[in-house]
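Q: I am new to this structure and would like a close look at one part of it. Please take me through the sheet that draws on both chains, starting with enough background to place it.

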Protein chains: 2
Amino acid sequence: MTTYKDSTLEEIDRAANAAEEASDAFRGLSGAKVAELLNGMADAIMDLGDALLETASRESSLPIPRLTGERLRTCNQLRMFGDIARAGTFKRSSIDTAIPDRKPLPKPDLRRTALPIGPVAVWAASNFPLAYSVAGGDTASALAAQCPVVLKTNPAHPETSAMTAGALRKAIAALALPAGIFGTVDGKSPEVSVALARHPAIKAGAFTGSLRGGRALFDAACSRPDPIPFFAEMGSVNPVFLLPGALAERGEAIAEGLTQSVNLGVGQFCTCPGLVIASQAGTFAEQLRKRFSGASAGTMLTSYIAANFRSGAQKLGALPGVTATVGAAAGGESQVQPQLFETQSSNFFAHEEFLHEVFGPATVLVHCGAAAELERVAQHLDGSLTATIHGTPDDLRANRGLLRILERKVGRIIFNGYPTGLEVCPSTQHGGPYPATTDPRFTSVGSAAIDRFLRYICYQDFPVEFLPQELQS
Amino acid sequence: MTTYKDSTLEEIDRAANAAEEASDAFRGLSGAKVAELLNGMADAIMDLGDALLETASRESSLPIPRLTGERLRTCNQLRMFGDIARAGTFKRSSIDTAIPDRKPLPKPDLRRTALPIGPVAVWAASNFPLAYSVAGGDTASALAAQCPVVLKTNPAHPETSAMTAGALRKAIAALALPAGIFGTVDGKSPEVSVALARHPAIKAGAFTGSLRGGRALFDAACSRPDPIPFFAEMGSVNPVFLLPGALAERGEAIAEGLTQSVNLGVGQFCTCPGLVIASQAGTFAEQLRKRFSGASAGTMLTSYIAANFRSGAQKLGALPGVTATVGAAAGGESQVQPQLFETQSSNFFAHEEFLHEVFGPATVLVHCGAAAELERVAQHLDGSLTATIHGTPDDLRANRGLLRILERKVGRIIFNGYPTGLEVCPSTQHGGPYPATTDPRFTSVGSAAIDRFLRYICYQDFPVEFLPQELQS
């Protein structure tokens, strides 16, 4: 593909209206048929073979092994949501039968179930060209809810998007379902995204990307004449707290693990640990510096993202009271150097720049005095997708207050691990208080991601034959 | 109480901060303790005795028998949410245990549960001085979620509010819990409400009232530096569709039932049927007119609400192509006459005024030609809390398309009944697409009302002793 250009307003209108027109037919399918569709989509993606991986690698600079794993995750997500659609328990159906002779008034028959909220607009992320893009978790969970999807492709990987969209269309056509179940629009400019978010046929939105982009679309969705739910996952700083016992026992291993986690995928994960907080971390800091200074440069997804990283890192490094350790020199406009910044907690409180994510392979080590200082730092943080604590059980017992504070700030809390590497399963929570997301009641990864796209309806005193299957007995 | 005046910004700040400060202690309680608190609140309300009913009746003009029933509902709601808190299943806890030897990567231990979202601001409604006010469903469900509540009292019943708030405080004190678990602010002016909705300590909002008020607060909540979820239930037109078989079989009974439903509580229910749609309804229309012309005048909650009703009814009556039948003459500035308007469907499509609720004892009968016209009217409607269909099973079979359309528009759909008289149980859905509410994924009545105030958290690889009780096995 040689050109990627903004869809016109007419094209956006056509895609959204096609989704709207497909809604009733899609809603009418059985869960088993939806599962067949989602499995067919996974099969069609696999059928694209190595060409998909090679295209994605060329467009994203991500290595083939990483993309092979990501493709597996993408297909697993589609199949998992297929299983969810087939089981139907996500509808939380409930039945309260009538009590005709109740006094003072008879009790009617009430039955509640979930319906698809309607056509969903999805914004593809740049950093997972497969698993958070055209056929990613947002698409899979919306389709499992029987909501047609209009997906705004990410300009960072247009050919990958076109190939994947073709696979999804093929799976839809193979079952002779309406094409409007899945459509795409293209756009670099905010106008395309805003037009999609405000289109009357669109009933919910899901976005993965930057705080600025996510907030702008959230605002567009909320200020519609008829506001719609809009879930934006906007990344975060993902603080890591290091307690003394853990540092004493395995400081060197933590330095190694953290360096890997920060640099994994050139730091291009929503869960990249951007803040490390420790007291009495002299030796550990030395070990961390040693590793960062030896770390390789990496090629980011786009030159634009690399330029943003350099500018963000430069701002952090230029703050008073900040020292920097940089990795191997970078060449080319998409290449960047890993960066480790260090500062004292007193200085951390003085500059709000430390609270904001710098997307890429950088982290800030905040040196604290007494252990109580860790709690003060935790209190000061904004919402985050994750927080991590490294400690011995004794450390944790001595720091229950820290745990209590972090529970209020994040969607997932990790003990003696690293935030990167997110498991997709029923207990996954990939969300968190603002600015991590626009609504901490939902997750964009894991089975519960489907909840974003469901509305509920109660049938009162209807004869059984007119009720949805799941309410008939 | 002789004066009801706006709380100052300092008072709002104090109430919100007290809620914030009580959050951790409240979150730390067991479900059993929360149940004890909610039951204690119900007991304390009953302990107020007839004085509460008499005060509420004096302030609202609602009769004692109605308020006696409403008090029972209020206490039942508190106890029901107590049972929900004790059972704890609302947390939807899930456990995925580790698979350490999984290839290529070990699977960590992930456990997900719900936490209180944080302090909740609640706006009391005027039309239920007990069941949707200080100790109403929003308060009960937020407290069951272990969220402290700051409630903005409704100026229509200040003494009732003060008495009820006193009962809640007494129940909190009896268990030696922090007073910040429940606080109130007073306000007639939008400034008080906006300041509360935008207070940094407030993490979610719940409102029952007018579209204008609800939308203004939703906008305030969404435009915060850190947006918060805001659920507003803003009433609706609650269309009632009359199919030919039902009209033929029991047109007179439906005319009687509808007249009662429209006039119940002087039409001051969110679920009051404001629109009746029928084809070939000549005889039925005569019967309905007869009943409306004989209907008694009623005293509304306040003179302001009565004036709004008169002005809304006047606008409808003044539209071209509208005929009106009015009930008994009203005396006094809070008294109003029941009003039945009639128009042809062609005229219905021509005036958007028909789509908007007129709060009070009025309804519009829309005359359709062919039965297919009913579907066109349904398509034209905005979101509503309820829709009702009267028909024989044969009618319904012949009108499956109408049912499909209405399912997309409303939160509750009733067959051969009336929308007023809402059962509170697990299968209740009191919500619906905008403008009925600001989020069709939630309900403000019934067990699921608690979902509005929960956020989710995932614990990864934590030793059992540090996990919440429900995740320990």
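A: Some background on one chain comes first. In this predicted model, 57% of the 473 residues of chain A count as buried. A compact globule of 473 residues would have a radius of gyration near 23 Å, and the 24 Å of chain A agrees with that. Along the principal axes, the C-alpha atoms of chain A fill a box of roughly 70 × 65 × 40 Å. Chain A has 15 helices and 17 strands. Among its contacts between residues at least 6 apart in sequence, 77% join residues at least 24 apart.

Next comes the relation between the two chains. A turn of 180° with a shift of 0.0 Å along the axis lays chain B on chain A, with an RMSD of 0.0 Å. The two copies are thus related as by a two-fold rotation axis. The residue of chain B that comes closest to this axis is B:Cys222, whose C-alpha is at 3.4 Å. Of the interface residues of chain B, 100% are also interface residues in chain A, so the copies meet through the same surface.

Now to the sheet. Strands of a sheet pair through backbone hydrogen bonds, either parallel or antiparallel. Here, ten strands form an open sheet with mixed pairing, in the order β1(A)-β2(A)-β17(A)-β16(B)-β15(B)-β8(B)-β9(B)-β14(B)-β13(B)-β11(B). Reading along that order, the sheet passes from chain A to chain B between β17(A) and β16(B). Its edge strands are β1 of chain A, residues 94–96, and β11 of chain B, residues 323–326; each of them pairs on one side only. From one strand to the next, the twist averages 20°.

The chain B end of the sheet can be followed in finer detail. There, β11(B) is joined by four bridges to β13(B), which covers residues 339–344, and these two strands run antiparallel. Within this pair, B:Ala324 has B:Phe341 in β13(B) as its bridge partner.

Two helices of chain B lie across this part of the sheet. One is α10(B), residues 282–293, which lies across β8 (239–242), β9 (275–279), β11, β13 and β14 (362–368) of chain B. Its direction is at about 155° to β13(B). The other is α11(B), residues 303–318, which lies across β11, β13 and β14 of chain B and runs at about 30° to β13(B). The edge strand β11(B) is thus crossed by α10(B) and also by α11(B).

Notes
Residues are numbered from 1 along each chain as its sequence is written. Chains are lettered from A and ligands numbered from 1 in the order in which they are written. This is a predicted model: local features need pLDDT of at least 70, side-chain atom pairs count only at pLDDT 80 or more; totals for chains, interfaces and linings use all residues. Copies are superposed by least squares on the C-alpha atoms of residues with pLDDT of at least 70 in both. Two residues are in contact if their C-beta atoms, placed from the backbone, lie within 7 Å. The radius of gyration is taken over C-alpha atoms; the globule rule is 2.2 Å times the number of residues to the power 0.38. A residue is buried if 20 or more other C-beta atoms lie within 10 Å of its own, exposed if 12 or fewer, and partly exposed in between; C-beta atoms are placed from the backbone. Two strands pair if DSSP finds at least two bridges between them. Axes are lines fitted to C-alpha atoms, for helices over the stretch in contact, and angles run from 0 to 180 degrees between N-to-C directions.
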